[in-house]
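The following note sets out numbered points on the model, for a colleague who works from coordinates. Please read each point alongside the structure shown here.

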Amino acid sequence: MRYKDVFEEEIKNKVSQDFFQKFDCTEILGKIDFAVKRKQPVSGSDYSEEYLLWAEAKKRTTDILMMLAQLVLTIGKARTFDEILPPKFLGCYDNEKIAFVPYYAIQDIFYQNDFNWNVVPSNHETREFKQVYTQIKKIVENDIPWKTYLFNFVTEEKELRRFIRENFTIEKSDISKNKIDKNNFIIIYNKWIDAVKPTIAVNWDIAKRNGIINGDFYLADLLSSDNQTIKDKLFVVLEHNQYKLDRRKTESGLFTSSEVGFKDKAKAHNLFWAKYERPPLEEYWNYIIERRDLLVPQDVRERKGSFFTPRQWVELSQRYIADVLGDDWQDEYYVWDCAAGTGNLLTGLTNKYNIWASTLDRQDVDVMYDRIANGANLLESHVFQFDFLNDEYSKLPQGLQNIIGDEQRRKKLIIYINPPYAEASNKRTLSKGVEGNKGVEQSKINKKYAEFLGQGNAELFAQFFTRIYCEMQGVILAEFSKLKILQGQHFVDFRKFFLAKLEKIFVCPANTFDNVKGDFPIGFMIWNTAKREKFEHIVADVYNKKGVFREKKAFFSFPDSRYINDWIKPYRSNQNDKSVIGKFPFKGNDFQNQNIIALVNPEKAYNVEAGQFLINANNLIIASVYFAVRKVILATWLNDRDQFLFPNKNWENDIEFQNDCLTYTLFNNTISSKNGVNHWIPFTETEVNSQDKFESHFMISFLSGKIIKNAYGDLFELLEIENEKESKTSWRKGENRKFSAVAQSVFDAGRELWKYYHAQPKCNVNASLYDIREYFQGRNEKGKMNNTSTDKKYNELITTLRDQLKTLARKIEPKVYEYGFLK
């Protein structure tokens, strides 16, 4: 054993000195243990930033696959490869051995759609660690000559040195250029944006307005050999040290010249591309061109809706169409994708004579033409540029016009689309205080049908559906969209006029779609517009990220319903009420707003713009019911858009339910004595062996119905006097409350936790549950509370309390549906 009884840092230093002394191993690259890069070579070259190895290091003998799995999780979590060009090798070593894996062999792991990178890499018990471990094991056993990359420091020292000498070459003439493929062309594009784009002598604003984007220049560079673009049908081509623009752009007067040069005589351009091998392998060309959408700037992508439909959902959607229309649907029906992009939704269709594809951008039409030339099953005469929200049908191919104009043939037309999802304003624009997408609300279709759309006019996909429904009555609409169309409060007006039968639906996670963030469902819905039917509810098939069927779920429309916030608002106190003991914000009526609802001190400011519900003794029970109802069911991607409703009145006579909700609220809030007086202590001093008297006895007074004097006056009694004219229903009274056995178990668990805290030498006698958690768990360097504590006893107590709360939540959940808060 070469490195026995040494610390990890010492092993790193020794390995660096013993085997990589000709390289720079001093770089600290995030949380990667060991990074090897070239030392500055001959003056004038720029290879100093090229990494050769990123490695995991351990001081004790460790399983190689475990080390590699931890390294992959470390890199994937930080997305290191988004900012820094990946190395030639990933590796790992301990006190006796070192191993290398070619980066290309393992890079696909980083591009998984269905993977949670937010785990602790060193935790070898997580599902994610085990998944990566299995993937790496398969790669090293099946895909690479593993034995040629694994070396013992002592017995195979000679072979190791030879491997490094042959693969970590440092002479300039020996430096191999970095290869570009479908997995890293975006990373290199981001570097190109910084290094090359500023030196191109073009007016980018004019280019952007007229459909030429940064990515067109990048593609011209990328698909070239000896600075000569070798791929045709691009809008920009490279010819030596200048670009030439598509003649259609120059002939139309958009640009004064068809030639674009460089501001620095192509110095930065040549220096940048000296690092990379161009062109990529020809097998990647079609994929890279087809994914031009990834090179479109974010604001343009949102407006045009350039979001790629994953292959698994394309295939599944076509199976669902066959279920509804029959196995021979491709021969019996016509298909028009009027938001086709580069046409990937049409992949797998067989009857090209019945298929039409249109898109907003001429570049995308050219991409489809190129795909046709390479075997795509489409007709050039059926692929065309068309602005669906602004152009007249007279611009359509005559064959398609004939179908739309014939009422019977129109019933055999399927509008098959994944339409744009752009909004006039969304969370990103609102949170940053910036202007949203003006173009969304300025289309001709929006202006024409504004009375039908209502608030739904803020979304492009609703405008697509409106034109289809109003102007092509009778067609089959097979579409991907958010479930707002079925459930959203802002789509009430839309649902009143959009009377079509929803024949079939499946839902899948939205974040499986390219560039779509967030945990919410996307639905594929098949509508028959020839059947006038008001949507009320449907049972959908649910698929997980891997395309595996998991369950069925019902989705409801709420045409005449009021919502939970309509119910709670009349009971809130006012800003001048001096007896307020807490508050929570209320915003939205669905699960996506669940995290916003947090019970805090009256003095604490919110981090979000929302209405606020101020709590006092007279509305504490109804506040607790609202709070518990919104919290006891966890928000998931699947229920994200489910709406909480105005309940029936049966809950008012269910005292046990009310007390369960109160209990849940008492032990699930973020009240802190640091932000004001804590009125939420549910125990007496004697129960928890307090070292001093509490400032407030409000909560124990409320629970027991007794009045206990304190420094803040007879708060409970004062409130009763002020409201003596109100009807004294059970949920307003301060009666001695009787709790269910499940709720009592929560109190018992909480009492033990409070006791343990009050036994600590420097406790705060007025501490809330949140304060107690902070005391034991502490905070990290970013100020976020840690998940666990080093105190084992505390961990046991808080776990018990949380388990009891989960049991209580399960008890409350059926009542949420019984009393009409949810359907």
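1. Strand 11 (residues 334-337) and strand 14 (residues 413-417) are paired in the parallel sense, with three bridges between them. Strands are DSSP runs of E of at least two residues and helices are runs of H or I of at least four residues, both numbered from the N terminus; two strands pair if DSSP finds at least two bridges between them. Within this pairing, W336 has I415 of strand 14 as its bridge partner.

2. The basis of the values should be stated. This is a predicted model, in which local features need pLDDT of at least 70 and side-chain atom pairs count only at pLDDT 80 or more, while totals for chains, interfaces and linings use all residues. Residues are numbered from 1 along each chain as its sequence is written, and side-chain values use heavy atoms, with hydrogens and water left out.

3. Strands 11 and 14 belong to an open sheet of nine strands with mixed pairing, in the order 13-12-11-14-15-17-16-18-19. Strand 13 (383-385) and strand 19 (549-556) are at the edges and have a single partner strand each, so one side of each is left without a neighbour in the sheet. From one strand to the next, the twist averages 20 degrees; axes are lines fitted to C-alpha atoms, for helices over the stretch in contact, and angles run from 0 to 180 degrees between N-to-C directions.

4. Helix 14 (residues 311-325) packs on this sheet and touches strand 14, strand 15 (476-482), strand 16 (501-509), strand 17 (521-528) and strand 18 (537-543). Contact means heavy atoms within 4.5 Å. The direction of helix 14 makes about 160 degrees with that of strand 16.

5. Strand 15 has partners on which the order of the sheet can be checked. Strand 14 and strand 15 run parallel and are joined by four bridges, with A478 in strand 15 as the bridge partner of Y416. Strand 15 and strand 17 run antiparallel, with seven bridges. Opposite residues of strand 17 stand L477, facing W527, and E479, facing M525. Seven of the seven residues of strand 15 are buried, where buried means under 20% relative accessible area, exposed over 50% and partly exposed in between, with a 1.4 Å probe and protein chains only.

6. How many residues of strand 17 are buried? Eight of the eight are, so strand 17 is largely enclosed by the rest of the structure. Both faces are covered, with P521, G523, M525 and W527 buried on one side and I522, F524, I526 and N528 buried on the other. Strand 16 also runs antiparallel to strand 17, and eight bridges join them; P509 stands opposite P521 in strand 17.

7. An open sheet of five strands, also with mixed pairing, has the order 1-2-3-4-5. Its edges are strand 1 (34-37) and strand 5 (150-152), each with a single partner strand, so one side of each is left without a neighbour in the sheet. Neighbouring strands here are turned by 20 degrees against each other on average, direction ignored. Strand 4 (residues 97-102) runs antiparallel to strand 5 over three bridges, and I98 stands opposite F151 in strand 5.

8. Two helices lie across strands of the five-stranded sheet. Helix 2 (residues 64-78) crosses strand 2 (51-57), strand 3 (89-93), strand 4 and strand 5, running at about 130 degrees to strand 3. Helix 6 (residues 157-167) lies across strand 3, strand 4 and strand 5, at about 135 degrees to strand 5.

9. The count is five cavities of 30 Å³ or more, and the largest holds about 120 Å³ of space. A cavity is a set of points, on a 1 Å grid over the protein atoms alone, where a 1.4 Å probe fits but cannot get out; lining residues have an atom within 4 Å of a point. Grid points are joined across faces, edges and corners, and a volume is the space filled by probe spheres set on the points.

10. The lining of the largest cavity includes D216, L219, K233, F235, R292 and D370. Helix 9 (214-222) and helix 16 (362-373) are the elements that give two or more residues to this lining, and helix 16 gives the most, with four.

11. For the chain as a whole, there are 33 helices and 21 strands. Buried residues make up 55% of the 823 residues. Among contacts with a separation of 6 or more, 68% are between residues 24 or more positions apart.

Definitions and conventions. 1 Å grid on protein atoms, 1.4 Å probe; cavity = no way out; pocket = protein on both sides within 12 Å on 5 of 7 lines; lining within 4 Å.
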